[in-house]
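Welcome! Here is a short guided walk through a structure that may be new to you. Please have a look at the picture first, and then read on.

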Amino acid sequence: MKKRLFLPLAFFVVLAAVLGVGLSLNPREVSSPFIGRPAPAFSLPQLQDPALRLGAGELKGQVWMLNVWASWCAPCREEHPLLVSLAREQAVPIIGLNYKDDPRNAQEWLLRLGDPYKVCVIDRDGRAGIDYGVYGVPETFVIDRAGIVRFKHVGPLTQEVWTREVQPLLQQLRG
Amino acid sequence: MVRALLLAMALTAGAAQAAGPAGDVAADTVLEARVQQLAAELRCLVCQNQSLADSHADLAVQLKGQVREQLRAGRSEQQVIDYMTQRYGDFVLYRPPLKARTVLLWGGPALLLLLGAGSLAWGLRARPRAADLTDAESSRAAALLEP
C-alpha cells in the first residue's frame, strides 16, 4: 500500500524530466535535410563585378563556407567582425550569398565594415536561398571537397560555435 | 452602342489578361483553391506556428508563389510537397510522415489510452466489493440505512 503512495511522485518526476528536456530544445533549430547531401547548384552574378558569375561547382576540391547575409539583417552585423577576422586568418574560404538585398547597400556595407568574402554572389530574388532552405538570415554552411554539405548554422555565427563545432569539423574534413 | 461595347471589352481585358484566354477564370479559381489547400498543410518557417496560407511573412509569400507556379506548371501536390521537404525537411509539413523517428508521435496517444485502460481495469479489480461484507457488517449497514 505504501508503494502506491509514491506512484504520483514518480509520475511527476518522469513528466517533469520529459517537459524539462522539451523546454531546453530550441524550436528555431530545424534540422537541415541538406547535411550529408550535395550542396544545391547555383550560378549567380558576383557582387563586385556582376558581369562575372560564380557557380557552386567551381568550388569543388576545396573545403569552403557559405555565408548567407543581407545588409538589412541586424544579426548579420553581429557576426560580421568574426567573419572578417576569420578571413584575415585565412581560416577557410568564405563565399557570401547576398540574400534579397540591394547590391548597392551590400557594397556599401562591405566597404564600411570590411569584406570577409573571397567572392560574394547576388541572390536578388532569393531563389538560391530557397534552394538552400534558408529561412532566417544569417545562415552558414560548411561544404566539403566533394561538394557535400557537412554543417549548417542558423543565426549569427559566434566564436563559441566556431571553436566548438566548425573548427574541429574543418580539421577533420581537411585531414 | 459601339462605345459601350468597347468599354466593356476594355474592362474585361484586364481580367482576361491575368487569367490567360477567357474561360480560364474557372480554372484559375480551381488552381487558387488547390494552392490554398496545399499552403494550409505547409508550415511557415519564419513564424513557425502559422501555415503558409495564414502567414504574410516575406518568405511565406514567396513560397506560396512557388506553390502556385509549380501547380500551374502541372506538377502534382506530392511533387510540390517533395520540393518543400527537400529544402526544409519534414518540419515544413503540418502532418508529419510516419517514420521510425515519428513512431512515438503517432503511436503515443494509442499507447497512453492502453496504459490508462489497463490501469483502470487493474484498479477496479483490486477494489473490494459490497458482496465482500461480513454478515455483521451487512446488518450494521442495514441498520444505519433504516429511516
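Let us begin in chain A with A:Pro138, which is found in the loop between α5 (127-131) and β6. The peptide bond that joins A:Val137 to A:Pro138 is cis, with omega at about -10°. Please keep in mind that this is a predicted model.

## The sheet of chain A

The loop with A:Pro138 leads to β6, so let us see the sheet around that strand. In which order do the strands of the open sheet lie? There are 5 strands, and they follow the order β5-β4-β3-β6-β7 in chain A, with mixed pairing. The edges are formed by β5 (119-123) and β7 (149-154) of chain A, each of which has a pairing partner on one side only. On average, neighbouring strands of this sheet are turned by 20° against each other, direction ignored.

As a general reminder, the strands of a sheet pair through backbone hydrogen bonds, and they may do so in a parallel or an antiparallel way.

Here, β3(A) and β4(A) run parallel and are joined by 5 bridges. β3(A) also pairs with β6(A), in the antiparallel sense and over 5 bridges. Strand β6 (residues 139-143) of chain A in turn pairs with β7(A), antiparallel and over 5 bridges. These last two strands, β6(A) and β7(A), make a hairpin with 5 residues between them. In the turn of this hairpin, A:Gly147 has a positive phi of about 85°.

Some residues that stand opposite each other in these pairs are listed here.

| Residue | Stands opposite | Strand of the partner |
|---|---|---|
| A:Val68 | A:Leu97 | β4(A) |
| A:Val68 | A:Glu139 | β6(A) |
| A:Glu139 | A:Val154 | β7(A) |
| A:Thr140 | A:His153 | β7(A) |

Following the table, A:Val68 faces A:Leu97 in β4(A) and also A:Glu139 in β6(A). A:Glu139 itself stands opposite A:Val154 in β7(A).

Why is β3(A) described as largely enclosed by the rest of the structure? The reason is that 6 of its 6 residues are buried. Both faces of β3(A) are covered: A:Trp64, A:Leu66 and A:Val68 are buried on one side, and A:Met65, A:Asn67 and A:Trp69 are buried on the other.

A helix also meets this sheet. Helix α6 (residues 159-174) of chain A lies across β6 and β7 of chain A, and runs at about 170° to β7(A).

## Helix α3 and its surroundings

Next comes α3(A), a helix with 15 residues. At 1.5 Å a residue, α3(A) should span 21 Å, and the 23 Å between its end C-alpha atoms agrees with this. The helix has a kink of about 40° at A:His80, shortly before the proline A:Pro81.

Which residues of α3(A) are buried? They are A:Cys76, A:Glu79, A:His80, A:Leu83 and A:Leu86. An α-helix has 3.6 residues a turn, so residues three or four places apart point the same way. Among the elements that cover the buried residues of α3(A) are β3 (64-69), β4 and α4 of chain A.

One residue of helix α4 of chain A is A:Leu110. A:Leu110 is buried, with 21 other C-beta atoms within 10 Å. A:Leu110 and A:His80 are 30 residues apart along the chain, and their C-alpha atoms are separated by 9.6 Å.

## Two residues with positive phi

Just after α3(A) comes A:Gln90, in the loop between α3 (74-88) and β4 (94-99) of chain A. A:Gln90 is not a glycine, yet its phi is positive, at about 55°. A:Lys100, in the loop between β4 and α4 (103-113) of chain A, is also not a glycine and has a positive phi of about 45°.

Are these two residues buried or exposed? A:Gln90 is exposed, with 8 other C-beta atoms within 10 Å. A:Lys100 counts as buried, because it has 20 C-beta neighbours inside 10 Å.

## Chain B and the contact

Finally, let us turn to chain B. Chain B has 6 helices and 0 strands, and from the N terminus on its elements run α-α-α-α-α-α. Chain B has 147 residues, of which 13% count as buried. Among its contacts between residues at least 6 apart in sequence, 38% join residues at least 24 apart.

Where the chains meet, 11 residues of chain A are in contact with 12 residues of chain B. The side of chain A that touches chain B has 5 nonpolar, 5 polar and 1 charged residues.

How values were computed:
Residues are numbered from 1 along each chain as its sequence is written. Chains are lettered from A and ligands numbered from 1 in the order in which they are written. This is a predicted model: local features need pLDDT of at least 70, side-chain atom pairs count only at pLDDT 80 or more; totals for chains, interfaces and linings use all residues. Two residues are in contact if their C-beta atoms, placed from the backbone, lie within 7 Å. Ala, Val, Leu, Ile, Met, Phe, Trp, Tyr, Cys and Pro count as nonpolar, Asp, Glu, Lys and Arg as charged, and the others, Gly among them, as polar. Two strands pair if DSSP finds at least two bridges between them. Helices (H or I, at least four residues) and strands (E, at least two) are DSSP runs, numbered from the N terminus. Axes are lines fitted to C-alpha atoms, for helices over the stretch in contact, and angles run from 0 to 180 degrees between N-to-C directions. A residue is buried if 20 or more other C-beta atoms lie within 10 Å of its own, exposed if 12 or fewer, and partly exposed in between; C-beta atoms are placed from the backbone. The expected span of a helix is 1.5 Å times one less than its number of residues. The bend at a residue is the angle between axes fitted to the seven residues ending there and the seven starting there.
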